[in-house]
Amino acid sequence: MDQWKPNPRAAPFIPRHRPKGFRLGPSVRSGPRVSTRVLQAILVVILLATVIINILFILDTTKRLRQKTTQDTAFGDEEGGPGDHHAPGQDSGRKIDIAVLSSQTKVSVAVDGTTVLEDEDSEKGRGIHILVLHQATGSVMAQRVFDTYSAHEDEAMVLFLNMVSDGRILIFTIKDEGTFQMKSTARSLLKTLGSQHADILGWRDMWGFVVVKTGQVFAEQHNKSPDLSTWAEPVYLETSIPLAAMEESDCPWPDTDVNRRRRTFCSKIEGYGSLCSCSDPAPIEMNPEPLPNNRIADVPVSVIASNRPGYLYRMLRSLLSAHGANPNMVTVFVDGFFEEPMEVVKLFGVRGIQHTPIGVKNARISQHYKASLTASFNLYPKADYVIVVEEDLDVSVDFFSYFSQTLPLLEEDPTVYCVSAWNDQGYEHSCGDPALMYRVETMPGLGWILKRSLYKDELEPKWPTPEKLWDWDMWMRLPENRKGRECIIPDISRTYHFGSSGLNMNSYFQEMYFKKHLINTVPNVELKNIDRMKSEPYEEDVNKLISTAEVLDHNMSPCRDNLIPDATEGQSYVLYIQMARESDFQNWLALAKCLKVWDLDARGNHKAMWRMFMNGNHFFVVGHPASAYSQHKPDYIIPVTLPVEKKDQKR
């Protein structure tokens with residue numbers, strides 16, 4: 001140190017400013033910088049790995065799709081039954097948890113904790129609830145309830161289950177009561193599906209059942225009712241189901257517009273049978289024969305629908321198959337915002353419009369009709385007519401031909417109120433000539449053509465308001481609306497009512513009054529004497545027919561089986577019944593019950609006269625003295641008076 005000398009050229013030392021609390025130390029100063037750089041490096045590595053994995057996944061997926069396309073091309077012609085592509089196969093490694101409740105007042109189903117079915121409405125929902133899930137996604141494809149306490153609902157359930165594709169997940173649960181009318185066919189089907197309790201399900205029992213159709217049973221629980229006056233304890237059922245691989249539910253259909261619609265539908269909706277078959281799918285493009293001399297090619301067709309998609313599917317298949325059908329003129333009006341009916345509409349490639357419901361019960365239906373008719377004429381401002389059909393009707397092959405031939409009557413005869421495709425008295429045993437037509441004072445509906453001027457000038461302005469619980473068709477039949485005009489109807493109907501569920505319909509009512517109605521199956525029917533259906537010539541023809549008809553024996557009961565002689569055919573017969581005035585229907589309704597035709601109210605009458613076919617013979621019933629045709633009654637004939645069934649007055 002004694003030898004050290006300062007360097008006169010060195011720069012003076014100036015200490016650096018240190019923040020308060022700063023402590024000098026290499027580990028403290030360099031730590032944050034090193035950690036940040038390490039973290040950045042790790043993130044870069046992760047990002048690069050993610051990019052590489054995604055690229056490899058895309059390449060692998062592309063390779064699989066190419067291989068699948070090759071396999072589909074190679075094996076697309078192999079045979080298979082409806083729904084064969086849905087058969088359960090390799091496990092995807094995923095599963096769903098299912099919870100089911102069956103009880104007197106409530107049913108519910110939850111999938112992975114999400115409630116997909118819940119019904120605790122005290123006014124409806126009785127019977128067996130069925131849920132159909134997609135075996136690869138677990139999504140709900142169909143939901144139905146069958147009131148198997150009531151007759152024929154078990155038959156509808158069997159039909160639905162047979163229409164569900166193999167491999168789908170089925171969930172069953174009972175609310176309140178579901179076995180009173182469940183017959184052996186339904187029980188046998190449940191046993192075939194794997195149920196161990198189908199044979200012993202009884203009155204007010206509770207039951208839950210989870211199964212893959214034509215596959216494994218995953219859970220079933222049954223609680224027995226202790227006695228007839230008590231419901232069984234609720235069933236709480238839980239299970240897990242492995243999901244199938246997605247590719248197992250695809251079909252090798254050719255890539256066409258029709259099949260794209262089919263694929264979209266079949267990936268979401270179930271219960272439509274061969275529509276979704278891989279090997280032999282039901283057609284959805286009908287290509288009907290054109291209609292020669294078609295007067296209604298530009299007449300819009302309005303389908304009045306609600307949330308009955310199975311009915312709508314059947315109806316559209318029938319409608320679009322009729323000769324002369326034009327899908328571009330068909331609009332389906334759905335009362336409410338429901339997914340499945342609109343999927344059916346898209347499947348067939350027709351227009352669909354949904355309405356916000358207004359009113360309740362009959363008023364809601366009435367308002368739906370009004371909204372649909374108004375929209376129809378607004379959509380087609382140049383249309384002078386609209387054809388109206390309901391979602392629960394089949395139509396005949398000559399449905400459009402019938403309206404094309406009768407349209408001039410609406411155009412030329414001011415005494416015509418409407419043209420309908422339905423004959424209220426047209427049962428299998430009471431009609432017989434597809435070329436014959438009648439004039440009637442009632443408005444039948446069930447497939448009819450409406451004139452714009454009638455709707456816009458008369459009906460629309462005074463249509464029943466939402467607070468009035470009126471049936472729209474009964475309202476149209478009121479004298480102040482009909483104003484003496486009549487509807488044209490066929491002897492053999494051009495529509496068939498198949499719906500057994502609805503606000504004013506059940507399976508018993510369908511069985512009693514609609515099932516045995518006849519629908520024409522003869523194509524290209526040329527209607528008889530259309531010009532003679534105008535008011536004056538029609539009166540001339542009816543008077544001639546009745547005046548020359550053979551008078552039946554009025555001393556014998558008209559309820560006897562051989563009212564019309566069996567040995568004759570092609571003859572005309574007349575029966576006179578007591579009828580004091582045109583509104584006196586007591587004897588007619590009693591006779592209608594004997595004849596096994598519509599007997600709930602008076603329909604199909606023309607000037608207090610009804611006409612139909614019995615045993616192949618033309619048959620007239622004339623009310624005396626109310627009918628103008630009473631003039632043809634021989635003096636010695638005493639009009640028939642039928643005994644009236646006494647109703648029990650006790651309450």
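**Exercise 1.** Which side chain of opposite charge is nearest to glutamate 390, and how many Å away is it?

*Solution.* The model is predicted, and the solution takes three steps.

1. Place the residue: glutamate 390 belongs to strand E13, which covers residues 385–390.
2. Search for a partner of opposite charge: the nearest such side chain is that of arginine 308, 8.3 Å away. A salt bridge requires a nitrogen–oxygen separation within 4 Å, and glutamate 390, although buried, has none.
3. List the surroundings: leaving aside residues up to four places away in sequence, glutamate 390 touches Val303, Ile304, Met315, Tyr369, Leu446, Gly447, Trp448 and Trp472.

**Exercise 2.** Determine how many residues of helix H6 are buried, and identify what covers them.

*Solution.*

1. Count: helix H6 spans residues 339–348, and eight of its 10 residues are buried.
2. Name them: the buried residues are Glu340, Pro341, Met342, Glu343, Val344, Val345, Leu347 and Phe348.
3. Identify the cover: it includes three strands, E5 (140–146), E11 (330–335) and E12 (351–355), together with helices H4 (257–266) and H5 (309–321).
4. Inspect the end of the helix: glycine 349 follows H6 and has a positive phi, near 70°.

**Exercise 3.** Classify isoleucine 42 as buried, partly exposed or exposed, and describe the patch to which it contributes.

*Solution.*

1. Locate the residue: isoleucine 42 lies in helix H1, residues 26–75.
2. Apply the cut-offs: buried means under 20% relative accessible area and exposed means over 50%. Isoleucine 42 counts as partly exposed because its relative accessibility is 43%.
3. Describe the patch: Ile42, Leu43 and Ile46 make a nonpolar surface patch of about 280 Å².
4. Recall helical geometry: an α-helix has 3.6 residues a turn, so residues three or four places apart point the same way.

**Exercise 4.** State where pLDDT falls under 50 in the chain, and how many contacts those stretches have.

*Solution.*

1. Begin with the whole chain: the mean pLDDT is 88, and 86% of residues reach 70 or more.
2. Examine residues 1–5: pLDDT stays under 50, and the model has zero contacts for them beyond four places in sequence.
3. Examine residues 10–30: pLDDT is again below 50, with two contacts beyond near neighbours in sequence.

**Exercise 5.** Summarise the architecture of the chain as a whole.

*Solution.*

1. Secondary structure: there are 14 helices and 23 strands.
2. Burial: of the 651 residues, 49% are buried.
3. Contact range: among contacts between residues at least 6 apart in sequence, 72% join residues at least 24 apart.
4. Surface: the chain exposes about 33,700 Å², of which carbon and sulfur atoms supply 53%.

Technical notes:
Residues are numbered from 1 along each chain as its sequence is written. This is a predicted model: local features need pLDDT of at least 70, side-chain atom pairs count only at pLDDT 80 or more; totals for chains, interfaces and linings use all residues. Side-chain values use heavy atoms; hydrogens and water are left out. Helices (H or I, at least four residues) and strands (E, at least two) are DSSP runs, numbered from the N terminus. Buried means under 20% relative accessible area, exposed over 50%, partly exposed in between (1.4 Å probe, protein chains only). Lys and Arg count as positive and Asp and Glu as negative; His and the chain ends are not counted. Contact means heavy atoms within 4.5 Å. pLDDT is the predictor's confidence in each residue, from 0 to 100. Patches are made of residues with over 30% relative accessible area and no salt bridge: like charges are joined within 9 Å, nonpolar side chains (Val, Leu, Ile, Met, Phe, Trp, Tyr) within 5 Å. Accessible areas come from the Shrake-Rupley method with a 1.4 Å probe; for residues, only the protein chains shown count as cover.
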